[in-house]
Amino acid sequence: LMLFGASPGTASAGQLGIQGSETTGAINTGAGIAFKGHNGGGNRNFGDLKCQKENGSSGDNLSYMSFSTRDASGVGERFRISSAGLMGIGTSNPQNKLHIDIGTDSTDATAGIALADNGGSIVTQTTSSGAFRVLVGGDANTPGDNSSEAMRIDSSGKVSIGNTNASSFGSLATDLVIGTTSGEHGLTIVT
């Protein structure tokens, strides 16, 4: 299929238009493209791209765009761009320019943001207790796997470097804890 026509430039137009048939102005109505194929046993939906109405207010033109793919449980939304330009991964209601919701499985190595190259990886994650942690090590193909926790900020704002629980040091000053109770750990300040 090839379509020819004038370039839309900055106008809200294009060489191809897809429109839903609903006239109610209801939420989640609009247009979409389904991607289908054969899995060897039958035809399947593999994913879709939708641009739909963001709310149910009559006459309101706010819309979102969503991207869906198939996993073991079926086709589901993975990524959304709201009418405000907010991007959500794992959420259909993004609240920030980039909002990543890993759900409840914070032990999953794929849950979080990974930066990787051939030398290794760094992964940032949140935990079920509300802490933020940084994992280092691993490899470029499986960031988070075979990595170790290098830093944690717990829900009260305490920072641990080289251990996972600043509060475990009892009544000592625990706002910033570097190292553990064994081995050579510490802070060096060079002037």
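**Close-up views of two pockets and their surroundings**

**View 1. The second largest pocket and its lining.** The second largest pocket has a volume of about 160 Å³, where a pocket is an open set of points on a 1 Å grid over the protein atoms alone at which a 1.4 Å probe fits, with protein on both sides within 12 Å along at least five of seven lines, and a volume is the space filled by probe spheres set on the points, which are joined across faces, edges and corners. Its lining (residues with an atom within 4 Å of a point) consists of 10 residues, and I100, I102, G112, Q125 and T126 are the closest to the centre. This is a predicted model, in which local features need pLDDT of at least 70 and side-chain atom pairs count only at pLDDT 80 or more, while totals for chains, interfaces and linings use all residues. Residues are numbered from 1 along each chain as its sequence is written, and side-chain values use heavy atoms, with hydrogens and water left out. Strand 8 (residues 120-126) supplies three residues, the largest share of the lining of the second largest pocket; strands are DSSP runs of E with at least two residues, numbered from the N terminus.

**View 2. The hairpin of strand 7 and strand 8.** Strand 7 (residues 113-117) pairs with strand 8 in the antiparallel sense over five bridges, pairing being assigned if DSSP finds at least two bridges between two strands. Two residues form the hairpin connection from strand 7 to strand 8, and I113 stands opposite T124 in strand 8.

**View 3. The largest pocket.** The largest pocket holds about 560 Å³ of space and is lined by 20 residues, with I18, G30, A31, C51 and Q52 nearest its centre. At least two lining residues come from each of strand 1 (30-38), strand 2 (43-53) and strand 3 (63-71), and strand 2 gives the largest share, five residues.

**View 4. Q52 in strand 2.** Q52, which belongs to strand 2, is buried at a relative accessible area of 13%, buried meaning under 20% with a 1.4 Å probe and protein chains only. The side chains of Q52 and Y64 are joined by a polar contact of 2.8 Å, that is, a pair of N or O atoms within 3.5 Å, one able to donate a hydrogen and the other to accept it.

**View 5. S66 in strand 3.** S66 lies in strand 3 and is buried, with a relative accessible area of 2%. Leaving aside residues up to four places away in sequence, S66 touches D48, L49, K50, E77, F79 and R80, contact meaning heavy atoms within 4.5 Å.

Conventions
Helices (H or I, at least four residues) and strands (E, at least two) are DSSP runs, numbered from the N terminus. Buried means under 20% relative accessible area, exposed over 50%, partly exposed in between (1.4 Å probe, protein chains only).
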